Amino acid sequence: MSARTLPLLFLNLGGEMLYILDQRLRAQSIPGEKARKDEWTDVDRKRVMNDIITTMFNKKFMEELFKPQELYSKKALRTVYDRLAHASIMRLNQASMDKLYDLMTMAFKYQVLLCPRPKDVLLVTFNHLDAIRDFVRDAPSILNQVDETFRQLIEMYTPLSAGEFQLIRQTLLIFFQDMHIRVSIFLKDKVQNSNGRFVLPISGPVPWGTEIPGLIRMFNHNGDEVKRTKFTTDGDYVIPQREGSFDLYGDRVLKLGTNMYSVSKPVETHMAGSSKSLASHAKENITPNPLAKEEMDFLARLIGGLEIKEPGGNETGFRLNLFTTDEEEEHAALTRPEELSYKVINIEATQEPARQEELARILGELEVAEPGAGSAAKGEDLLALMDGL
């Protein structure tokens, strides 16, 4: 397991979350002069995006994130994204958050699988940050936050060897290995099977610095080439024209990690292999977590840098519909397996050791936070987020 994987995982999943939110907010925005008080406008969309990106790239938050550390459980990371998604006037109920997280994880899993070489995971991250930078191009202070993270990535990751990037890629794949959620955009493009597993291509560009398969060279003990043998392959391979840029600005060449929602496509998630999936979730919930205290300490530190925007004055939280109708969202919430339901836990970062021990004890007893009835007072549920992506 690589201790350098967490920043890449967090930033890429965060980038996918911002793509999805931006697409849905644009789809549901109403012209400002025609909108009612409870309807989205483009001003609201920009405000939500700016608030989330500001929180996501908070300096203290990034300092904690970039410290070498092992990956934590899916539940621990999910809690951070729950908090991050509510760092604005937007509110999501549990069914919407589930759908959002499913799309985020499956999109990034597919990108990791398709990377021609392990180091290209960094180019995928740069593509996400390039798009995020474009979201806040009119907000110089937020743009500076993103650029600072960009520089940290360049400083930390560009010197790494191919072997270290291979370890990072394997760590990511281990994290995603049991996640096989069907997504309609992938199913329609025939890059995902009905069981939720991805179909990997056998053609296309070969990794930078390698040659097209089809030639075997044999050498003698002096290192001189003495024989060549050609063989045919089933794939149609091409050599890339150039390597993607690992600088602050530049042509990444690789398209993985760019916004696939920029052209509106319907995206829905469906659970694949539900009985097996539920069994694995149940097993995960029952099995004691030996890293409970470490995860709670991690969450307390990270979430200490996340501020939830409370509706002020006469302002109310806005609802964002990710399903086709409210009824679909309600049905998704009602049919959600009990094994996936979490109790409410409010986390407040503190340096007091006794408080840290208490947080660790709570994590051992509870199943990580879920916005439910108890948290509704923090803002009106922002309806389901995912349909129509």
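Reader: In which loop is Lys190 found?
Author: This is a predicted model. Two elements flank Lys190: helix H9 (184-188) and E3. Lys190 is found in the loop between H9 and E3.

Reader: Is Lys190 buried or exposed?
Author: Exposed means a relative accessible area over 50%. Lys190 has 69%, so Lys190 is exposed.

Reader: What is the phi of Lys190 near?
Author: Most residues other than glycine have a negative phi. Lys190 is not glycine, yet its phi is positive. The value is near 60°.

Reader: Where does Val253 lie, and what is its phi near?
Author: Val253 lies in the loop between strand E6 (237-238) and strand E7 (269-270). Val253 is a residue other than glycine with a positive phi. That phi is near 65°.

Reader: How does the relative accessible area class Val253?
Author: Buried is under 20% and exposed is over 50%. Val253 has a relative accessible area of 30%. That value lies in between, so Val253 is partly exposed.

Reader: Is Phe198 buried or exposed?
Author: Phe198 is found in the loop between H9 and E3. Its relative accessible area is 13%. The limit for buried is under 20%, so Phe198 is buried.

Reader: Which residues does Phe198 touch, leaving out those up to four places away in sequence?
Author: One of them is Tyr110. The C-alpha atoms of Phe198 and Tyr110 are separated by 7.2 Å, although the two are 88 residues apart along the chain. The full list is Met106, Lys109, Tyr110, Leu113, Phe186, Val191 and Gln192.

Reader: How many residues of H1 are buried?
Author: H1 runs over residues 6-28 and has 23 residues. Helix H1 is mostly covered. The buried count is 20 of its 23 residues.

Reader: How far apart in space are Leu21 and Ala85?
Author: Leu21 is found in helix H1. Leu21 is buried, with a relative accessible area of 0%. In sequence, Leu21 and Ala85 are 64 residues apart. From C-alpha to C-alpha, the distance is 9.2 Å.

Reader: What span should helix H8 have?
Author: Helix H8 covers residues 162-176, which makes 15 residues. The expected span is 1.5 Å times one less than the number of residues. The end C-alpha atoms are 21 Å apart, in agreement with the expected 21 Å.

Reader: Which helices do the buried residues of H8 pack against?
Author: The buried residues of H8 include Phe165, Ile168, Leu172 and Phe176. Arg169 is also among them. The buried residues of H8 pack against H1, helix H4 (74-85), H5, H6 and helix H7 (140-157).

Reader: What volume does the second largest pocket have?
Author: Rolling a probe the size of a water molecule over the atoms shows where empty space is left. For the second largest pocket, the volume is about 560 Å³.

Reader: Which residues lie nearest the centre of the second largest pocket?
Author: The pocket is lined by 26 residues. Helix H5 (94-114), helix H6 (120-135) and strand E3 (204-205) each supply at least two of the lining residues. By class, the lining has 17 nonpolar, three polar and six charged residues. Nearest the centre lie Leu114, Cys115, Pro116, Pro205 and Leu254.

Reader: What share of the contacts in the protein chain with a separation of 6 or more comes from residues 24 or more positions apart?
Author: The protein chain has 13 helices and eight strands. Of its 389 residues, 48% count as buried. Residues 24 or more positions apart account for a share of 80%.

Notes
Residues are numbered from 1 along each chain as its sequence is written. This is a predicted model: local features need pLDDT of at least 70, side-chain atom pairs count only at pLDDT 80 or more; totals for chains, interfaces and linings use all residues. Side-chain values use heavy atoms; hydrogens and water are left out. Helices (H or I, at least four residues) and strands (E, at least two) are DSSP runs, numbered from the N terminus. Buried means under 20% relative accessible area, exposed over 50%, partly exposed in between (1.4 Å probe, protein chains only). Contact means heavy atoms within 4.5 Å. On a 1 Å grid over the protein atoms alone, a cavity is a set of points where a 1.4 Å probe fits but cannot get out, and a pocket is an open set with protein on both sides within 12 Å along at least five of seven lines; lining residues have an atom within 4 Å of a point. Grid points are joined across faces, edges and corners, and a volume is the space filled by probe spheres set on the points. Ala, Val, Leu, Ile, Met, Phe, Trp, Tyr, Cys and Pro count as nonpolar, Asp, Glu, Lys and Arg as charged, and the others, Gly among them, as polar.
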